[in-house]
Amino acid sequence: MSLKIRLDNFYKLMSCRSDSDSHYEKEFETLLIDLIEDMDYFKKNKNLYGRSNLSNDVLGRSCIWALVDKGARETVILFGHHDIVGIEQYGDFKAHAFDSDFLRTKFKDLELDPDEWIYGRGSCDMKAGIAINLELLERATLNEAYPNILFLAVPDEENLSAGMRHCIELIESLQTQYKLNYHSAFLTEPHERRCPDEFTTYSGSAGKMMPFIVVKGIPVHTGDVFSGLNPISILTEIVKAVELNTEMGDVMYKKMTPPPTFLCLRDLKEQYDVTTPEFASAFFNWMFLKDHLDVKLLQLKELCVWSLEDAINQFNYSQNQFLRKQGLKSFECVKEFKTKVLFYEELIDLLAQKTNAEAFVSRFLEQHTEKNDQKLAVMLVKSIIEYLEFDHPVVVIGLMAPFYPAVDSTEFHMAQFNDLIKSICSDFGLSYANEPFFMKICDMSYLKGMQTSAEVIENNMPFLNKRYSINFEKLNQLNIPCSIIGPWGKDLHQKTERVFKKDLEETVPTILENLLIHINHLG
């Protein structure tokens, strides 16, 4: 049974900007509500859709939800994000960033048949998926063969996933209110292909954490460098130990996470002078498939201890070479440093021995209105170190937002969906492959609970439940199997972004409709 959807709604969605972390998202949400209100079912059931406002959101953004409630049936969640990345990359033709015909002509040499593709910002990431979900939502109101459908469209995925983190509680609340039994969830994000005729799904998503490291050294005049210890030299050794370290990666189903890579490294001096810096900081992207995060952070701490020792050894070697080249006694000059390597939670314990640690952090937040949480976390640790008056090198390890749990629904997907998807793909002349993990992180992370305790995250992320929140308790209660089933897309976030028209119009709607009917029969 093949389904071909009309593209009217897709082009309406495409023409309405929804840049992430901007007022455009709220304007787009109004369009979504209008499209839902146009459906006859929701004209009669005004209590079954709405906006769920994000808490303390300065932009006034919302998660848009709509429920087709058929009573005691399984419920399937169709979800995706409605924000897009900005249009700066379009340069001189920003005005045409949403004009598919113009862009198709501009980039006609990219494809053998340009008419098979729809170009424009947000075309594949992910207005196409939202359009498919809206179509299936309306079909569910008309087709008794469907299960219950919960439609979700969330903001902020391209930033900190504030929308989907908010939905943890919304999904639980709707479940309680309407007595829903969640069978599974489908995220209609685009997929990439290894070859043009291979349709690809993902039955899990890699997790991500973002450790930050603050190093205190001993500042001195650059003419007397062997009287101190430069924190940059310590941090450089840590970067060398961590950057692209495959021992820090995870392997499951013969798939490995990309190894860690640094996103920022800098000293904390505010202006130039000839004194070596007292502080330096860095943070890096660390992806994982297994939830043993306490073990992973201990591994990082051990690398920091070794790196600090290496920096001191290099310091002493250089000092001895400096003396030797001047004909001075060198073997007598080995400098020993008192040092500390601490997790953020250990630093807080030391702070609590001298003052009220919680009040200290609260005062810090009141005094600093910096919007950038990454910068603010580093500033907080620096302030605590200064308050504790350490006179020796210190390394502090903490965690910054965002945090994405790893999710794995592969066994469920293979047992329930694999054969049916393979059969439908064959009808379309396509082969089929399921990847166990989407390796670029996505909102699917907030539908299944962690396998181990989140305590190590909660204790080492300075602003968790202050400026950035994840309700781990409710997340662990959801535990909804989820898969990515979306259209083929190319060049996400680039000016050549495009979606494969047949997947948007026919392939993905057909696969999803058949899966929904299959799920209803199972119930």
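**Figure 1. Packing of helices α9 and α10 in the predicted model.** In this predicted model, helix α9 (residues 344-352) packs against helix α10 (residues 357-367) at an angle of about 110°, and the two helices are therefore roughly perpendicular to each other. Their axes lie 8 Å apart. On the α9 side, the contact is made by Tyr344, Ile348, Leu351 and Ala352. These residues meet Ala357, Phe360 and Val361 of α10. By class, the contact of α9 with α10 comprises seven nonpolar residues, with no polar and no charged ones.

**Figure 2. The three-stranded sheet and the helices that pack on it.** The strands of this open sheet follow the order β4-β20-β19, and their pairing is antiparallel. β4 (117-119) and β19 (489-490) are the edge strands, each pairing on one side only. Two bridges connect β19 with β20 (residues 498-500) in the antiparallel sense. Within this part of the view, Gly489 is placed opposite Val499 of β20. Helix α5 packs on the sheet and touches β4, β19 and β20, its direction making about 50° with that of β20. Helix α16 (residues 501-522) lies across β4 and β20 and runs at about 40° to β20.

**Figure 3. The cis peptide bond between Asp125 and Met126.** General expectation is that most peptide bonds are trans. The bond that joins Asp125 and Met126 is cis, with omega of about -10°. Met126 belongs to helix α5, the helix that touches β4, β19 and β20 of the sheet in Figure 2.

**Figure 4. The second largest cavity, lined in part by α1 and α5.** The space in this cavity is about 40 Å³. Its lining consists of Ile5, Arg6, Leu7, Asp8, Asn9, Phe10, Ala131 and Glu135. Helices α1 (8-14) and α5 (123-142) each supply at least two of the lining residues, and α1 gives the most, with three. Four of the residues in the lining are nonpolar, one is polar and three are charged.

**Figure 5. The largest cavity, with α11 and β15 in its lining.** Two cavities of 30 Å³ or more are found when the whole structure is searched; the largest has a volume of about 60 Å³. The residues that line the largest cavity are Asp373, Gln374, Ala377, Leu399, Met400, Ala401, Met461, Pro462, Phe463 and Tyr468. Helix α11 (373-388) and strand β15 (394-404) are the elements that give two or more residues to this lining. The lining is divided into eight nonpolar residues, one polar residue and one charged residue.

**Figure 6. The cis peptide bond between Ala401 and Pro402.** Ala401, a lining residue of the largest cavity, is joined to Pro402 by a cis peptide bond with omega near 5°. Pro402 lies in strand β15.

**Figure 7. The largest pocket.** This pocket holds about 1,100 Å³ of space. It is lined by 29 residues, and those closest to its centre are Ser55, Ala162, Arg165, Arg467 and Tyr468. Tyr468 is also among the lining residues of the largest cavity. The elements that contribute two or more residues to the pocket lining are α6 (162-178), α11 and α15 (472-478). Helix α6 provides the largest share, four residues. Eight nonpolar, nine polar and twelve charged residues make up the lining.

**Figure 8. The second largest pocket and the backbone of Ile441.** The second largest pocket contains about 640 Å³ of space. Among its 29 lining residues, Phe438, Met439, Lys440, Ile441 and Leu492 lie nearest the centre. Strands β7 (198-202) and β15 each supply at least two residues of the lining, and the largest share, three residues, comes from β7. The lining has eleven nonpolar, seven polar and eleven charged residues. Most residues other than glycine have a negative phi. Ile441 has a positive phi of about 60° although it is not a glycine. This residue is located in the loop between β17 (431-435) and α14 (455-460).

Key:
Residues are numbered from 1 along each chain as its sequence is written. This is a predicted model: local features need pLDDT of at least 70, side-chain atom pairs count only at pLDDT 80 or more; totals for chains, interfaces and linings use all residues. Side-chain values use heavy atoms; hydrogens and water are left out. On a 1 Å grid over the protein atoms alone, a cavity is a set of points where a 1.4 Å probe fits but cannot get out, and a pocket is an open set with protein on both sides within 12 Å along at least five of seven lines; lining residues have an atom within 4 Å of a point. Grid points are joined across faces, edges and corners, and a volume is the space filled by probe spheres set on the points. Ala, Val, Leu, Ile, Met, Phe, Trp, Tyr, Cys and Pro count as nonpolar, Asp, Glu, Lys and Arg as charged, and the others, Gly among them, as polar. Two strands pair if DSSP finds at least two bridges between them. Contact means heavy atoms within 4.5 Å. Axes are lines fitted to C-alpha atoms, for helices over the stretch in contact, and angles run from 0 to 180 degrees between N-to-C directions. Angles under 35 degrees count as roughly parallel, over 145 as roughly antiparallel, 65 to 115 as roughly perpendicular and the rest as oblique.
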